[in-house]
Amino acid sequence: MARVTMVEDPIDALSPSGVVKSSFCLMYLWRVGKAPVFTVLLNTAIWGNYLYRIFMEPASKEQVCLLPDLLYAPNPGDWPRYLGYFLFTPNFVRTVHVTSFLGALGYTLERDRMGTFMYSALFVILSACIPAVCFFLNISNCMAGLESTAFAVAVVTHHQNILVRSDGVDKGVQVPFDIEPRWHIWAIAGLMLIFAEPGEACELVVGMVLGLIWVLKDPEVWGQLASSLKPARRHIALTTVLYVVGMFVAPLSVLQIQFDGNIDVANWSWWTTTFPSTPSLGKIVAEAPNAVGRELCILAKIVTIALPMIAMSERTHYACALVLPLVLMIMYVMQTAFFHIPHLGYVLLVAVAYRAWYTPQVSDPKARTGSNYNPSRVSRPATRPSGGG
């Protein structure tokens, strides 16, 4: 008589049990390993500054933020504002969130890859460049906190793709794949972006762009991109670029057409005079969040963080899940007072929704269980004889 023995399939990296177990593995390995010096000192200073403001000298963001004049014309007498830019957090929840984010980055990138000196240099350089870009583009005129810098470092961490094995952990929480901490880091970043104010969200996007520029400065990266750009990746990469341009660069709507009979298409001022337009949707959301509505702000945040994450993963076909929030964004935009006649920004958002629906899948067997997926490790129900018969 035959006996059927059921062998459990390996845990998928994106399953609930896979996410929970890999998170426990990371926390255990970070606890027993050597602490990253720069990250520990920075988090300690952030908590010390927060407690000092609570018990000794309360201060709002406007009182300690970094101003454009102090960045372009440094003044040592205003050192509290420089310190406030690095250490300010508005409340207890944000302090926990920021220090957790910085801790995950430090244990992943500083301790396991770059070292304290190189990591601290990267952090300081990005911390100086991000407010300069935000002030130059008029995205912000008062910056405080390191959230945008953390987003830039998260992009660098994603490129490094540090893998962690769970062999040294208790068997009850071991996972059959190499853990990629970058996805846990992006989960923390996504929550931070969703709960950020619209103006802060634009600063975080600037941080991500500067982090990408830092990664692309390496000539080897261009060769890797050229060799790994499969059709699905080219599709999702172009979709992401169209979204960034349509959301943050291109005008959203034409206010009215003022044609006086003269045509001078080679003159830029003729275009701006004939077709006066609104700013980009991202700028409108940042400057007038109450005018566009909370729902539109939340949808914009979801797509802004989810689309780059999907583009950097092996599961590019998950972009079809963004069609619904994109369509809702397009519908909400049409109901705002800023929308009159569709401009390039609106057309690009429609194109992004269309392309997201038809995003193909990257044909990579590693996408099933993680970066070291091996089909031979998959166990299936087996039937074997149990004696005579």
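**Exercise 1. Find how many disulfides there are, and describe how the cysteines are placed.**

Step 1: Apply the cut-off. A disulfide is a pair of cysteine sulfur atoms within 2.5 Å, and by this rule the count comes to one. Keep in mind that this is a predicted model, in which local features need pLDDT of at least 70 and side-chain atom pairs count only at pLDDT 80 or more, while totals for chains, interfaces and linings use all residues. Residues are numbered from 1 along each chain as its sequence is written, and side-chain values use heavy atoms, with hydrogens and water left out.

Step 2: Name the partners. Cys 65 and Cys 142 form the disulfide, with their sulfur atoms 1.8 Å apart. The angle about the S-S bond is -115 degrees, and the link of Cys 65 and Cys 142 is left-handed.

Step 3: Place them in the chain. Cys 65 sits in the loop between helix H3 (61–64) and helix H4 (68–72), and Cys 142 in the loop between helix H7 (116–136) and helix H8 (147–160), so the pair ties together parts that are 77 residues apart in sequence. Helices here are DSSP runs (H or I, at least four residues), numbered from the N terminus.

Step 4: Check accessibility. Buried means under 20% relative accessible area, exposed over 50%, and partly exposed in between (1.4 Å probe, protein chains only). Both Cys 65 and Cys 142 are buried. Cys 134 counts as buried because its relative accessibility is 0%, whereas Cys 320 is partly exposed at 34%.

**Exercise 2. Work out how many salt bridges there are, and follow three pairs through the chain.**

Step 1: Start from the rule. Side chains of opposite charge can pair when their charged atoms come close. A salt bridge is a side-chain nitrogen of Lys or Arg within 4 Å of a carboxyl oxygen of Asp or Glu; by this rule the count comes to four.

Step 2: Take Glu 147 and Arg 94. Their closest N and O atoms are 2.9 Å apart. Glu 147 lies in helix H8 and Arg 94 in helix H6 (residues 92–114), so this salt bridge ties together parts that are 53 residues apart in sequence. Glu 147 is buried, at 9% relative accessible area, and Arg 94 is buried at 12%.

Step 3: Turn to Asp 178 and Arg 165. Their side chains meet in a salt bridge of 2.7 Å, N to O. Asp 178 and Arg 165 are each in the loop between H8 and helix H9 (181–195), 13 residues apart. Asp 178 counts as buried because its relative accessibility is 10%, but Arg 165 is partly exposed at 47%.

Step 4: Add Arg 111 and Asp 112, whose side chains meet at 3.1 Å, N to O. Arg 111 is partly exposed, with 24% relative accessibility, and Asp 112 is partly exposed with 34%.

**Exercise 3. Locate the largest cavity and characterise its lining.**

Step 1: Set up the search. On a 1 Å grid over the protein atoms alone, a cavity is a set of points where a 1.4 Å probe fits but cannot get out, and lining residues have an atom within 4 Å of a point. The structure holds one cavity of 30 Å³ or more.

Step 2: Get the volume. The largest cavity comes to about 110 Å³, where a volume is the space filled by probe spheres set on the points, joined across faces, edges and corners.

Step 3: List the lining. Of the 13 residues that line the largest cavity, Ala 201, Phe 248, Ala 300, Lys 301 and Thr 304 lie nearest its centre. The elements giving two or more residues to this lining are helix H10 (198–216), helix H12 (231–248), helix H14 (281–287) and helix H16 (294–311).

Key
1 Å grid on protein atoms, 1.4 Å probe; cavity = no way out; pocket = protein on both sides within 12 Å on 5 of 7 lines; lining within 4 Å.
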